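Here's a friendly walk through one structure, looking at where its parts meet. Have the sequence and the 3D view ready as you read.

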Number of protein chains: 2
Amino acid sequence: MTDFLAACRAAIGAAHVLTDAADTAGYLTDQRGRYTGRALAVLRPADAAEVATLVQLCARHAIPLVPQGGNTGLVLGSVPDQQGNAVVLSLRRLNRIRAVDPVNNTMTVEAGCVLQHLQEQAAAVERLFPLSLAAEGSCTIGGNLSTNAGGTGVLRYGNTRELCLGLEVVTAEGEIISSLKGLRKDNTGYDLRDLFIGAEGTLGIITAAVVKLFPQPRAQLTALVALQTPAQALQLLQQAQARCGSALTGFELMSDFCLQLVCKHFPDQRLPFAHAHPQYVLLELSDNESEDHARTIFETLIGQALEQGLAQDAVIAASLAQSRALWRLRESISMAQAHEGKNIKHDISVPISRIAEFMEVTDSLVQQAAPGCRMVSFGHLGDGNLHYNVSPPVGVADADFLARQGDINRVVHDSVDRFGGSISAEHGLGALKREEILRYKSPVELRLMRAIKQALDPQQLMNPGKVL
Amino acid sequence: MTDFLAACRAAIGAAHVLTDAADTAGYLTDQRGRYTGRALAVLRPADAAEVATLVQLCARHAIPLVPQGGNTGLVLGSVPDQQGNAVVLSLRRLNRIRAVDPVNNTMTVEAGCVLQHLQEQAAAVERLFPLSLAAEGSCTIGGNLSTNAGGTGVLRYGNTRELCLGLEVVTAEGEIISSLKGLRKDNTGYDLRDLFIGAEGTLGIITAAVVKLFPQPRAQLTALVALQTPAQALQLLQQAQARCGSALTGFELMSDFCLQLVCKHFPDQRLPFAHAHPQYVLLELSDNESEDHARTIFETLIGQALEQGLAQDAVIAASLAQSRALWRLRESISMAQAHEGKNIKHDISVPISRIAEFMEVTDSLVQQAAPGCRMVSFGHLGDGNLHYNVSPPVGVADADFLARQGDINRVVHDSVDRFGGSISAEHGLGALKREEILRYKSPVELRLMRAIKQALDPQQLMNPGKVL
């Protein structure tokens, strides 16, 4: 072990091999503060070559390694387990933007770049990098790729997978694969890129990527629509897509209880309506012409929905400030829920056409299993993806509630399965859902996944205990 | 062998096990008529269960199998080799549309469905299935998926890979994986889907898929713009993308010589300009409002290009008939080139920002290698993808010209490689480019590809001699 650490120090400099508890603490606990693992050391290489050297050292000494980006994941995918025999390999120092090519509409970036920084760099050349999610101020693109992150832009731009044209990866043997050509079309063999994307660091370590850029829309306009039911939200989605096509770049559903929590815990925020409604939809339109043009489209669309009785009330943002205020309502839900106390999260998806029925049926099943529970349901309706979270009944202690977590997970996930859905839409499996997935994935798929793991990481050192 | 064929007959009915030369001929020769392979038999199963049974029989008797859809591929990926020990497994009888869900914007289709039929079925529910390519009247979606086909809609909608939400696959062991949930988001383990897509049947057999549908645009408008150089076409592309965003659904470059060939071999077609220009771009705009709206956008965009001297002349289609006539010019190039005589095809891509420089440099290198050659360069400029084809000098015999194929391939592919491009943008590797790719792909990538092949098809029976 001393040999191994000495070799690491020689490879990347002693200052970047952290072993003191005070230095490593931030790397060992997950973002929600629910789990703290143990590690031999935290290694902070500066570039892909140093990553490759460290992986070779790990292979030689049979040391498991846990790749880590911004450590903002929600499924314990980026923290080590309790054995203490692994190293955390932090990619944060790999934070260079290697190239920006506005004509090719691409940007070549290292894994440790923070997402928000990439959005800003794209904007600096009048382009859009559309990946956007709550943790964008601290998550890294390497983590986004490794978990195939979703977010609010998926409706129009797809998941992180769809935003990537190529990767640089350090394999489990410590070799570097560089596929950073930035091509829109390349049919020359197996799609290794998409195998590493979403593999949560269990097949290799992503060190850089070419990501897609898009033209910046001339105007973005936001509206908040009040409705009675998720089924009506679904109808509105269809009408909005028929009218706006790909200009519809956001469609987020939020229940009244979600926004009640926001207004309770963030008193500076308030709903722009005279009274409450059961459901709300936040729409975003990205227009290539002008704000006026976008406004006309929204007025027609929402005007019709109000006439039809589909919508009960609506507000179209009159200014950028109001638009930001509407998005803040949506973005504050997770934090408001955390302020309210412990809760049980489910990041699920079902076919879009079944989402209203799913909510009706599953709400009722959860109430049977845990009477009085309060549903904090919100999310990306246009992607069939809900954050279907459960807060305890008023007056029930956190510990008593969390003791029921297994039962409630089972009720929700079994229902998701019956509706042909997924128990992890955008967060991944990590260590948290690794056992759970065995119940829902077919034996043949699991066997193929294990065969691929064995083929690419025969020593089983890459992020052990995650995914599989 | 008799045992094997008897078992096949028992499994799928004697009428669907073809062994007579007259019956099998159409399955053994490639689309361009350049290669005829040999096979034990052609098997025509009716559904995924029969495919699974046949694959199990092949595994048991160690019989290699060549999956085949519409057999329209251009790289000898769907025909057997000369050994005669393989069977062709035709998927054409798997031609049911299992489900259409306009709310989920998905369609569940079997591998043998002809692409044009899927476009029509989508239109019947007022949706768009945007995959579109020259062979759409006879190619099958299974083949499109197995080769990750491109086509004219990639600029806006992506390759076939981006249009697929899930697959049903028969593995090399004859088991069925069914992932036909139709989810937009599902992060529960390795991305097996994208491994089978583009694998050209070497890892398993795609028997069904869920494909994405899109809202139908209200209007589509086409324009043809005459320019001096590919560099100007690139400038026009940027201006068009900045103005139209994702409404720009087509951007095809064609050299004057391409359209000369079309007008020569299809005398009913003609250019809508008074005289010839060196290059032409076909633009397509898909509008969510109206044809008038689209026309205004095109008039502004193209008007500016004419004023700037970027464009020399232009015509915006005044009717659907004229729009079709413009597209026919583009779509007739391949056929016109075939009528002109033998030619050497290159399906290549480079970063979009380098395409003009690539053409200038490579045109000159080809002229040095084969003076007098005539370049038939056209393709999907917006994707960086050119069909960079070479016709012989006037008066040179086909056989003499084809004898130079290896040299000319080398000149073009080496240049593609220097420009950071791909030697197979949308056609795949098949048997044709299997050796060639060894020169351009890194040893690490080739090693990983072989490891995956070994893991998923340890008997090496799935489409042997293709890709790897």
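## Two domains side by side

In this predicted model, the centres of domain 1 of chain A and domain 2 of chain A, taken over C-alpha atoms, sit 23 Å apart. Their contact draws on 14 residues from domain 1 of chain A and 15 residues from domain 2 of chain A. If you want to find these parts along the chain, the domain assignment puts domain 1 of chain A at 2-90 and domain 2 of chain A at 97-215. That assignment also gives domain 3 (219-334) and domain 4 (341-433) of chain A.

## What the domain contact is made of

Between them, domain 1 of chain A and domain 2 of chain A bury about 1,000 Å², with 71% of that on carbon and sulfur atoms. The count of salt bridges between these two domains is 0, while 2 residue pairs are in polar contact.

Now look at the side of domain 1 of chain A that touches domain 2 of chain A. Here α3 (48-61) and β3 (65-68) of chain A each provide at least two residues. The largest share is that of α3(A), with 7 residues. Sorted by class, this side has 10 nonpolar residues, 4 polar ones and no charged ones.

## Where the two chains meet

Next up is the meeting of chain A and chain B. How many residues of each chain are in contact with the other? For chain A it's 85, and for chain B it's 85 too. The two chains bury about 6,900 Å² between them, and 53% of this lies on carbon and sulfur atoms. Three residues to pick out are Lys185(A), Asn187(A) and Tyr190(A): they supply 15% of the area that chain A buries against chain B, more than any other three residues.

## Bridges and elements between the chains

Chain A and chain B have 10 salt bridges between them. One of them joins the side chains of Glu175(A) and Arg447(B), at 2.4 Å from N to O. There are also 48 residue pairs in polar contact between chain A and chain B.

Which elements give two or more residues to the side of chain A that touches chain B? They are α6 (154-157), β9 (176-178), α7 (192-196), α8 (230-244), α10 (291-307) and α16 (443-456) of chain A. Of the residues on this side, the largest share, 10 residues, comes from α16(A). By class, the side of chain A that touches chain B holds 32 nonpolar, 31 polar and 22 charged residues.

Methods:
Residues are numbered from 1 along each chain as its sequence is written. Chains are lettered from A and ligands numbered from 1 in the order in which they are written. This is a predicted model: local features need pLDDT of at least 70, side-chain atom pairs count only at pLDDT 80 or more; totals for chains, interfaces and linings use all residues. Side-chain values use heavy atoms; hydrogens and water are left out. Domain bounds come from an automatic or database domain assignment. Contact means heavy atoms within 4.5 Å. Buried area is the accessible area (1.4 Å probe) that two parts lose on being put together, summed over both. A salt bridge is a side-chain nitrogen of Lys or Arg within 4 Å of a carboxyl oxygen of Asp or Glu. A polar contact is a pair of N or O atoms within 3.5 Å; within protein, one must be able to donate a hydrogen and the other to accept it, and residues adjacent in sequence count only if both atoms are side-chain atoms. Helices (H or I, at least four residues) and strands (E, at least two) are DSSP runs, numbered from the N terminus. Ala, Val, Leu, Ile, Met, Phe, Trp, Tyr, Cys and Pro count as nonpolar, Asp, Glu, Lys and Arg as charged, and the others, Gly among them, as polar.
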